[in-house]
Every structure is written in structure tokens, then in C-alpha cells.
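Dear colleague,

Here is the structure I said I would pass on. Please look it over with the notes below, which begin with one strand and work outwards.

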Amino acid sequence: MILYLHGFRSSPRSFKARVVGEKMAALGRASELVCPQLPASPKEAMALALTLIERYDASELSIIGSSLGGYYATWLAERLGCRAVLLNPAIYPLKDLDQHVGVTTEYHSDKVFEFKRAYIDELGALAVPAITGPERYFLIAASGDDVLDYRDMTAHYAGARQHVIDGSDHAIAEFGQYVDEVLAFCLDRAASPAR
């Protein structure tokens, strides 16, 4: 099972989520992908994620997280002991998202939602100061990310498998070139560690 977690203001309709979904469908494994619309509340988002994956053990589960979804994926991977692929993950979202407190819209639907100041504290509760089991992580970071600093990412996931893209952008516009590598990491059960 693969759980895909989108980023802030994003949705299951994001480019990378669609690429993963299309590839899983092409492999005949569409039913093994779950990509929920995450609530704005980090606490509620993690409660939803845990509900969706509660019947799987660490050896059966991988998580792909993009941007803020990468922050969430790291918390879940540490809690559950499963694999995680991080795509330009947020490392310090408390400072990055403070400026977004208030009413905003989703990128793919213009649906209005409120990002409350209380959510900053909820994000703080999910902080992972240092990862354990770096072999469970695969980081894809773009040096051209104009939203987050890839150097924070490579430092935070030190010891993990890393692919730093020279240039690109926060969305990883050429993600289609990397999806096979991402799914190979997620679906390689023979090498998947269990707690």
C-alpha cells in the first residue's frame, strides 16, 4: 500500500499525485494507492492518514509526501517504522506557514479554507528533530526550489538515499522522469525494514 500526501493548499489532483496514480494504474496496482484530500488541520490530517493505513503493518506500507506532505510523511514513518519518499519536503513549516494564517484557497479547485493560527501549534507537535533508520527514507530535492531550501532537506535526511536535482522547481516539473525510481523504492518489499 502507498499513501500519497499532498502539500499545503494542494490536493489529490496535483501533478505529482496524478503521475503516481497513472503509473500505479499502468502497473495494474491502482487499488494499492490511497491519496486523500487532507484537512487544513495537521492534527486532523494525521488522524485521517492513520485511519486510512491502520490495517497495514510497516512492511506493507510506504508513504510519499510532497512539501508539507513530506513533513507529515516523516512523522508517520517515524511513528510506524515504514518507508517514506520525500519530494521537496517542508522541514521547518512553522516559520514557512505562519505567513499563510487566514483564509486562502486550494490550488486545484479555488475551494476556500481557513488555515488557523492553532494549526501552527499542531504542526509543532509533529516535528521530527532527527530521523531514525535513514535507510527507510528516499529524498528527492530540487536545488532550484523557490519555496524551500534543498540544503535544509539534505541535512535533515542525512544518511538517507538522496537524489538532488540540479535546478528544477518546487513542483518538480519533470517528476515523470523520477516516478519509476520512487515506486521502485516504495514497492521493494524484500528490502523493506519492519519494526
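**Strand S3 and its surroundings**

Strand S3 is largely enclosed by the rest of the structure, because 5 of its 5 residues are buried. Please keep in mind that this is a predicted model.

The side chains of S3 alternate in direction. Ser62, Ile64 and Ser66 point one way from the strand, while Ile63 and Gly65 point the other way, and all are buried.

**The sheet**

S3 belongs to an open sheet of 6 strands, ordered S2-S1-S3-S4-S7-S8, with parallel pairing. The edges are formed by strand S2 (33-34) and strand S8 (161-165), each of which pairs on one side only. As general background, strands of a sheet pair through backbone hydrogen bonds, either parallel or antiparallel.

The pairings I looked at are these:

- S1 and S3 run parallel and are joined by 4 bridges; Leu3 stands opposite Ile63 in S3.
- S3 and S4 also run parallel, with 5 bridges between them. Here Ser66 has Leu87 in S4 as its bridge partner.
- Strand S7 (residues 137-142) pairs with S8 in the parallel sense over 5 bridges, and Leu139 stands opposite Gln162 in S8.

**Helices**

The connection from S3 to S4 involves a helix: S3, helix H3 (residues 68-80) and S4 make a right-handed β-α-β unit.

Two further helices are worth finding in the viewer. Helix H1 (residues 15-26) lies across strand S1 (2-5), S2, S3 and strand S4 (83-87), and runs at about 160° to S1. Helix H7 (residues 179-187) packs on the sheet, where it touches S1, S3, S4, S7 and S8; the direction of H7 makes about 160° with that of S4. S3 is thus among the strands listed for H1 and among those listed for H7.

**Ser66**

Which residue of S3 did I follow up? Ser66, which is found in strand S3 (residues 62-66). Is Ser66 buried or exposed? Its relative accessibility is 7%, and the cut-off for buried is under 20%, so Ser66 counts as buried.

What does Ser66 touch, leaving aside residues up to four places away in sequence? The contacts are Tyr4, Leu5, His6, Gly7, Lys16 and Leu87. Of these, Leu87 is also the bridge partner of Ser66 in S4, and Lys16 falls in the range of helix H1 (residues 15-26).

Regards

Notes: Residues numbered from 1 in each chain as written. Predicted model: local features only at pLDDT ≥ 70, side-chain atom pairs only at ≥ 80, totals over all residues. Heavy atoms only, no water. Helix = DSSP H or I, 4+ residues; strand = E, 2+ residues; numbered from the N terminus. Buried < 20%, exposed > 50% of the residue type's maximum accessible area, 1.4 Å probe, protein only. Contact = heavy atoms within 4.5 Å. Pairing = 2+ DSSP bridges. Axes fitted to C-alpha atoms, helices over the stretch in contact; angles between N-to-C directions. Right-handed = clockwise from strand over helix to strand, strands pointing away.
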